[in-house]
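User: I'm new to this one and would like to learn how to read it. Could you walk me through a few features?

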Amino acid sequence: GTFLLPFAVGTYGTPDNQFSLGVGYSSFNSDDIELNGTALNIGGYHKMGSRIGFVYEAWYLPATETAIITPNFRIYTNRDRRYWNFGFANFSQKTYYYDYPIIGYDDWGYPIYDWDNPIKTGGSWERLILPTITFAMYL
């Protein structure tokens, strides 16, 4: 598979409290999944103490109605410029249900469906929630 995500982001705030908005284009293709189209991003950081903060990021891909939300606690180490993020990632995607209209019946009485013109009958959000642990170090 391939993944490409060029985007632009603007951030407002201080190093201890900040808010960001971004927009880009997602191109993710694999054998099972395709997530292509506009990508919207919102995120931020709020310092809660000398060694801990709250960081969040959310992505929305309108073309596939996919949302990714990742709240995390950030814990800084004492000795150097490293930190750990602990939280979870919530992946949500809208799934639709379809019915196919009957356009007639064959000689044995079985329905013939119009497979080319499905009718959307409803939908639901499918979710996957996973724990996240990340590590970074400033150089």
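**Reading strands, rings and a surface patch**

Analyst: Let's start with one residue: G104 has I112 in strand 9 as its bridge partner. Keep in mind that this is a predicted model.

User: Which way do strand 8 and strand 9 run, and how many bridges join them?

Analyst: Strand 8 (residues 102–105) and strand 9 (residues 111–113) run antiparallel, and three bridges join them. Between the strands of this hairpin there are five residues, and G109 takes a positive phi near 90°.

User: Okay, now the rings. How do I read an aromatic pair?

Analyst: A pair of aromatic rings is described by the distance of the centres and the angle of the planes. Here the count comes to eight aromatic pairs. Take W84 and F86: their ring centres are 6.3 Å apart and the planes sit at 15°, so this pair is stacked.

User: Are W84 and F86 buried, exposed or partly exposed, and why?

Analyst: The range for partly exposed runs between 20% and 50% relative accessible area. W84 is partly exposed because its relative accessible area is 36%, and F86 is partly exposed with a value of 36% too.

User: What about Y113 and W115, how are those rings arranged?

Analyst: Y113 and W115 make a tilted pair, with 5.5 Å centre to centre and 50° between the planes. Y113 counts as partly exposed because its relative accessibility is 33%, while W115, at 57%, is exposed.

User: Which residues form an aromatic cluster?

Analyst: F54, Y56 and F73 form one.

User: And where do charged ends sit over rings?

Analyst: You can look at two places. The charged end of R74 sits over the ring of Y83, 4.0 Å from the ring centre. Likewise, the charged end of K120 sits over the ring of Y96, 4.0 Å from that ring's centre.

User: Last one: which residues form the nonpolar patch on the surface?

Analyst: Look for M48, I52, F73, I75, W84, F86, I133, F135, M137 and L139, which together have about 1,000 Å² of accessible area. You've already met F73 in the aromatic cluster, and W84 and F86 as the stacked pair.

User: Which strands supply at least two residues of the nonpolar patch each?

Analyst: Strand 6 (66–76), strand 7 (82–99) and strand 10 (119–137) do. Strand 10 gives the most, with three residues. L139 lies in the segment after strand 10, and L139 counts as exposed because its relative accessible area is 94%.

Methods: Residues numbered from 1 in each chain as written. Predicted model: local features only at pLDDT ≥ 70, side-chain atom pairs only at ≥ 80, totals over all residues. Heavy atoms only, no water. Patch = residues over 30% accessible without salt bridge, like charges linked within 9 Å, V, L, I, M, F, W, Y side chains within 5 Å. Areas by Shrake-Rupley, 256 points an atom, 1.4 Å probe, with all protein chains shown as cover. Salt bridge = Lys/Arg side-chain N within 4 Å of Asp/Glu carboxyl O. Helix = DSSP H or I, 4+ residues; strand = E, 2+ residues; numbered from the N terminus. Buried < 20%, exposed > 50% of the residue type's maximum accessible area, 1.4 Å probe, protein only. Phe/Tyr/Trp six-rings, centres within 6.5 Å; stacked < 30°, edge-to-face > 60°. Lys NZ or Arg CZ within 6 Å of the ring centre and 35° of its normal. Pairing = 2+ DSSP bridges.
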